[in-house]
Structure formats: structure tokens, C-alpha cells
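Hi,

Here is the structure I promised to pass on. Have a look at it first, and then read my notes below.

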Number of protein chains: 2
Amino acid sequence: MGGRRSRSRGYRAERELVNELWRLGFAVMRAPASGAKIKKADYPDIVAVRKGKVAVFEVKSRAKTQTIYLEKEQVHKLLNFTERAGGKAYIAIRIPHKGWKFIRAEQLQETKGGRLKVTKQQIINAPNLAGVLKDLGLIKSLEEYVGKGI
Amino acid sequence: MGGRRSRSRGYRAERELVNELWRLGFAVMRAPASGAKIKKADYPDIVAVRKGKVAVFEVKSRAKTQTIYLEKEQVHKLLNFTERAGGKAYIAIRIPHKGWKFIRAEQLQETKGGRLKVTKQQIINAPNLAGVLKDLGLIKSLEEYVGKGI
């Protein structure tokens, strides 16, 4: 956590997801980078909209599959934003050689310390981007996703 | 045009519109400020989504009511983004003591020099934010808008 290397990895992961969503036909907005005039925490990392279907992402990049912790306040902001938009909120997790995993923000579990977490097992079981498209009603089946050549 | 004063005025205008849209129940994303790592031109100034209804804004702030010119390429990017999102694109114009005026991007007129423009008369005739809400199907009438206390 923290450090210039992990921030840079997080930045690259965001850009990769932005590009993939754009390629799938979404209009995609990315939050201002940290250090810009606007506080990053006020915005989700990525908002993607396709034909009125909205997916909102908080992006986490990790070197290996491990439990990920989030602050409640950040998740509450994510859920508030998503409810206004009328969309679905995801924690998007990028792990080298495992690709992307998407966990609905509502599925986060509370820790004893009052934070929220995605467990290692949840990450292992989580769907990839095809799951998000199905969730949004943008594709009906995995076959259709494969048909898009992804 | 240009200069630190007009950029700062543009920045304040954007922030004002973001706040007003947020107050009206939209989830609002603002493009990264110029100078951030991401090229500002790749994103519209503001994207607002309420219950799956999407409004995309290019914001212009002017000291008085006057014809406003835009580059074709910027407008094409705005329209491409908006078509992907399944929304409506506006040029949002802020003029002191006149408030906000909204012109649909499709209503821009071509200049002889190959740019696009909003004429002074179009600005005078343009609706305010209530017009955008009606356009999006979020309110039925001006009365309902007034009922929201705006």
C-alpha cells in the first residue's frame, strides 16, 4: 500500500480499464488524478455509461490475490454517486496474470475495525468484465461476449 | 479568449454548474483540469447522470452575450462521447447577470472558416437549466421546476 510504485501501478490499471471500456462502446470518464485541484475522493475512479446503463468503478491494483480493505466513507460516496446515476457500483481489482475481477460494492463485508473488505475468496470467485456487461443487461451470455473477440 | 483571468472564470463557472446539477440530484463528473496528465480535450467538461438520463456539457463563460466559436474536432468528440453514453450534448454558456443558457450541440452552425458557432441570437433564445431537465424527461413542466425551489 502507498508508495510511488503502487500509485503508478494503480494509475496504469485505471488507464487499462478505461481503454477496455471505451473499446466495448462505453463513454468513459476518469476522475482527476490525485494532486489536481479537485479532491480525488469526491469522485469515483471511473464512470462508464453505455446507452444509459451506468457502471461506476473504484479501482484497486494488487501484486497478488489478497484481501483488500476500503474505508467506509469512500464506499458510501461511491454508493451515493451510483444511486444518483441510477447505475451499479463495482470494486475493480487488477491482479497480474489474473486479469480483472469485479465485486459489487454492496457485497463488501464489514471488518471488526469498522472498515470494509473484499476477501481473497470473493476475488477468486468474482466475475470478469463479461460479468459486468451481463449485470448491466448489455449482453445476454458469455458466448455473446466471446463473440466480440475479447 | 485565453489568459489567466478567463481560464479562472471558466473554472469557477464549471464548479458552479457542477454544484447546481448535484443539488438537482445528478451524479456529476468533471473533466480533469488542464495540466493534469490526461489531455482535457479528450473529455467533455462535465458529465451528469440522473437515473440513467445523461447530459454532457461543454462549458463556456463569457463576460457578455456574444457569438461563441468552437472547434469542429472538439464538438465531434463531444458528440461521439454523448452518443456512446446515450445522452444529450449541450454547450453550457454562463454570462454574468444572465445566468446559464443551454444550446444543444446539434444546433451549432458552421462558419465559413470551417468552425462551429453559437450565435448571439441563439444564446438570447436558449433555455436555462429547466429546459435541460425537460429535454431529458426529468421534469414535465416549468411549474414542477419552480416547485423544486430553484
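How much area is buried between chain A and chain B? About 2400 Å², and carbon and sulfur atoms give 63% of that. Buried area here is the accessible area (1.4 Å probe) that two parts lose on being put together, summed over both.

Before the rest, some housekeeping. This is a predicted model, so local features need pLDDT of at least 70 and side-chain atom pairs count only at pLDDT 80 or more, while totals for chains, interfaces and linings use all residues. Residues are numbered from 1 along each chain as its sequence is written, chains are lettered from A and ligands numbered from 1 in the order in which they are written, and side-chain values use heavy atoms, with hydrogens and water left out.

**How the two chains meet**

Across the interface, 27 residues of chain A are in contact with 27 residues of chain B, contact meaning heavy atoms within 4.5 Å. The copies meet through the same surface, because 100% of the interface residues of chain A are also interface residues in chain B. You can superpose chain A on chain B with a rotation of 180° and 0.0 Å of shift along the axis, at an RMSD of 0.0 Å. That is the relation of a two-fold axis. The superposition is by least squares on the C-alpha atoms of residues with pLDDT of at least 70 in both copies. The number of salt bridges between chain A and chain B is zero; a salt bridge would be a side-chain nitrogen of Lys or Arg within 4 Å of a carboxyl oxygen of Asp or Glu.

**Chain A from end to end**

Chain A has five helices and eight strands. Both are DSSP runs numbered from the N terminus: helices are H or I with at least four residues, strands are E with at least two. Starting at the N terminus, the order is α-β-β-β-β-α-β-β-β-β-α-α-α. Of its 150 residues, 46% count as buried, which is to say under 20% relative accessible area (exposed is over 50%, partly exposed in between; 1.4 Å probe, protein chains only). Among contacts in chain A between residues at least 6 apart in sequence, 56% join residues at least 24 apart.

**Strand S5 and its neighbours**

S5 (residues 88-95) of chain A is a good place to start looking. Six of its eight residues are buried, so the strand is largely enclosed by the rest of the structure. S5(A) pairs with strand S3 (residues 53-61) of chain A in the parallel sense, over seven bridges; two strands pair if DSSP finds at least two bridges between them. One of those matches is A:Val59 with A:Ala92. S5(A) also runs antiparallel to strand S6 (residues 99-104) of chain A, joined by six bridges, and there A:Tyr90 has A:Arg104 as its bridge partner.

S5(A) and S6(A) form a hairpin with three residues between the strands. In that loop sits A:His97, which has a positive phi of about 70° although it is not a glycine. A:His97 is exposed, with a relative accessible area of 86%.

**A small sheet**

Chain A also has an open sheet of three strands in the order S4-S8-S7, with antiparallel pairing. S4 (68-70) and S7 (109-110) stand at the edges with a single partner strand each, so one side of each is left without a neighbour in the sheet. S7(A) and S8 (residues 116-118) are held to each other by two bridges, and A:Glu110 is matched with A:Leu116.

**Three residues in chain B**

B:Lys51 lies in the loop between strand S2 (46-50) and S3 of chain B. Its phi is near 50°, a positive value in a residue other than glycine, and B:Lys51 is exposed at a relative accessible area of 53%.

B:Glu58, in strand S3 (residues 53-61) of chain B, is buried yet has no salt bridge; the nearest side chain of opposite charge, B:Lys60, is 5.3 Å away. Leaving out residues up to four places away in sequence, B:Glu58 touches several residues, including B:Tyr90, B:Ile91 and B:Ala92.

B:Arg84, in helix H2 (residues 72-85) of chain B, is likewise buried without a salt bridge, and its nearest side chain of opposite charge is B:Glu83, 7.9 Å away. Lys and Arg count as positive and Asp and Glu as negative, with His and the chain ends not counted. Setting aside neighbours within four places in sequence, B:Arg84 is in contact with residues of chain A, among them A:Trp22, A:Phe26 and A:Arg50.

Cheers
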